[in-house]
Amino acid sequence: MNEGFELLQQEIKAYLTDAQVHAIEEAYLFAKKAHAGQIRYTGESYITHPISVARILGQMRMDETTIMAAILHDVIEDTFVEKQEIIDRFGEEVATLVEGVTKLTQIHFENHAQAQAENFRKLVMAMTRDIRVILVKLADRLHNMRTLESLPPGKRRRIALETLEIFAPIANRLGMHAFRVELEDLGFATLYPLRYRVLKEAVETARGNRREIMDMIEQEIRKSLKRANIASWVLVGREKHLYSIYKKMYDRHLSFSEIMDVYGFRVVVDKIDTVYRVLGVLHNLYKPIPQRFKDYVAIPKANGYQSLHTTLFGPFGVPPGSANPNGRNAAPG
Ligand code: MN
């Protein structure tokens with residue numbers, strides 16, 4: 001066996017039973033046969049694509065049904081296999097997922113108007129009764145975006161635009177931060193290569209200049225949280241991804257130096273009560289900038305995201321970025 005299936009196998013063995021791994025292997029052999037002779041635009045044999053999609057989902061530890069659907073996701077669309085055959089071999093559930101992904105693949109987004117994009121996102125969500133269909137579709141899109149360079153420029157741009165206007169917002173709405181960030185940065189790099197490069201360099205320069213200050217701020221925050229006897233917290237540094245910096249500059253007509261929250265810190269705690277205490281500790285450590293506070297704990301985002309956002313003046317009067325003392329079950333926002 002080749003085409004990356006061994007890698008997938010290793011990954012899923014970590015959390016699935018032998019019987020489940022075996023069922024996935026059956027799906028692989030079936031898909032491999034169905035796609036036999038098909039070559040991907042990258043020059044590789046086609047089966048490498050569904051395997052890569054399955055690996056993205058395996059790394060998220062999705063169930064065996066989703067992994068099988070990922071391996072079979074292009075079989076109805078691109079081969080002579082019909083739904084009934086998938087039902088007979090792999091069951092109704094897998095077949096329904098594959099059919100759902102096929103339907104999403106068949107609708108094409110053509111108009112670039114904002115309202116259209118919104119309607120299209122609604123359509124995608126409404127067409128999907130099982131959220132796993134969207135997860136397979138997002139993983140499919142992510143792998144296509146990762147391998148976009150081999151496509152002709154026109155097609156590349158169309159896919160990148162669709163990714164930015166449809167799929168990244170869907171990932172965001174589902175609270176799937178890692179998907180959203182990678183989809184957006186890949187889409188941005190494809191649509192605006194020059195802007196992407198310039199901004200990337202600016203961020204790298206700023207990061208170099210601010211590293212010492214950021215380390216110092218991190219130490220101060222740690223000390224203050226300990227001093228206040230806050231129980232079980234995790235502190236993580238956070239960096240805004242390039243596309244979200246770009247969007248903010250573009251939407252609000254700001255220069256790069258005016259973007260204050262390129263860097264930030266996130267304090268994750270396990271009780272709502274503690275979230276507000278952490279906010280108090282941070283506001284006591286550094287003065288907050290007025291009007292920059294948001295309470296997503298009291299008013300959660302639609303996807304269930306809960307946290308407090310604030311922007312602080314750091315030492316030397318430098319705004320170090322924002323701090324998010326996060327609530328329970330907080331998804332990165
Ligand atoms: Mn595909």
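**Figure 1. Helix H13 packs its buried residues against three other helices.** In this predicted model, the buried residues of H13 sit against helix H10 (153-173), helix H11 (177-191) and helix H12 (193-227). Helices here are DSSP runs (H or I, at least four residues) and strands are E runs of at least two, numbered from the N terminus. H13 itself covers residues 242-252, and its buried members are Leu242, Tyr243, Ser244, Ile245, Tyr246, Lys248 and Met249. "Buried" is shorthand for under 20% relative accessible area, with exposed over 50% and partly exposed in between (1.4 Å probe, protein chains only). Right after H13 comes His253, with a positive phi near 50 degrees.

A quick word on ground rules: residues are numbered from 1 along each chain as its sequence is written, and side-chain values use heavy atoms, with hydrogens and water left out. As this is a predicted model, local features need pLDDT of at least 70 and side-chain atom pairs count only at pLDDT 80 or more, while totals for chains, interfaces and linings use all residues.

**Figure 2. Four side chains hold the manganese ion.** His49 (NE2), His73 (NE2), Asp74 (OD) and Asp140 (OD) coordinate the manganese ion at 2.2 to 2.3 Å. Along the chain, these donors are spaced as H-x23-H-D-x65-D. His49 belongs to helix H3 (residues 48-59) and Asp74 to the loop between helix H4 (64-71) and helix H5 (75-78), so the pair ties together parts that are 25 residues apart in sequence. His49 is buried, at 1% relative accessible area, and Asp74 is buried too, at 5%. Donors are N, O and S atoms within 2.8 Å of the metal (3.2 Å for Na, K and Ca), and water is not among the atoms, so sites may look incomplete.

**Figure 3. Asp74 is buried but has no salt bridge.** What is the nearest side chain of opposite charge to Asp74? Lys137 is, at 6.6 Å. A salt bridge needs a side-chain nitrogen of Lys or Arg within 4 Å of a carboxyl oxygen of Asp or Glu. In the charge bookkeeping, Lys and Arg are positive, Asp and Glu are negative, and His and the chain ends are not counted. Asp74 does make a polar contact of 2.6 Å with Tyr46, side chain to side chain. For a polar contact, two N or O atoms lie within 3.5 Å; within protein, one must be able to donate a hydrogen and the other to accept it, and residues adjacent in sequence count only if both atoms are side-chain atoms. Skipping neighbours within four places in sequence, the contacts of Asp74 (heavy atoms within 4.5 Å) are His35, Tyr46, His49, Thr79 and Asp140.

**Figure 4. Arg40 is another buried charge with no salt bridge.** Arg40 sits in the loop between helix H2 (18-34) and H3. Its nearest side chain of opposite charge is Glu44, 4.6 Å away. Beyond four places in sequence, Arg40 touches Ser45, Tyr46, Thr48, His49, His143, Asn144 and Thr147.

**Figure 5. Asp140 and Lys137 pair up within helix H9.** Besides coordinating the manganese ion, Asp140 forms a salt bridge with Lys137, with 3.2 Å between the closest N and O atoms. Both residues lie in H9 (residues 131-146), three residues apart, about one turn of the helix. Both are buried.

**Figure 6. Salt bridges also run between helices.** The count of salt bridges comes to 14. In one of them, Glu99 meets Lys83 at 3.1 Å, N to O. Glu99 is in helix H7 (residues 92-106) and Lys83 in helix H6 (residues 83-90), so this pair ties together parts that are 16 residues apart in sequence. Glu99 is partly exposed at 25% relative accessible area, and Lys83 likewise at 24%. Elsewhere, Arg146 and Glu182 come to 2.7 Å between their closest N and O atoms. That pair links distant parts of the chain, with Arg146 in H9 and Glu182 in H11, 36 residues apart. Arg146 is partly exposed at 40%, as is Glu182 at 27%. Asp63, Glu93, Asp130 and Arg132 form a network of salt bridges.

**Figure 7. Confidence dips at strand E5 and in residues 327-333**. pLDDT is the predictor's confidence in each residue, from 0 to 100. The chain averages 88, and 92% of its residues reach 70 or more. E5 (residues 321-326) is lowest, at a mean of 56, and H4 is highest, at 98. Over residues 327-333 pLDDT stays under 50, and there the model has 19 contacts beyond four places in sequence.
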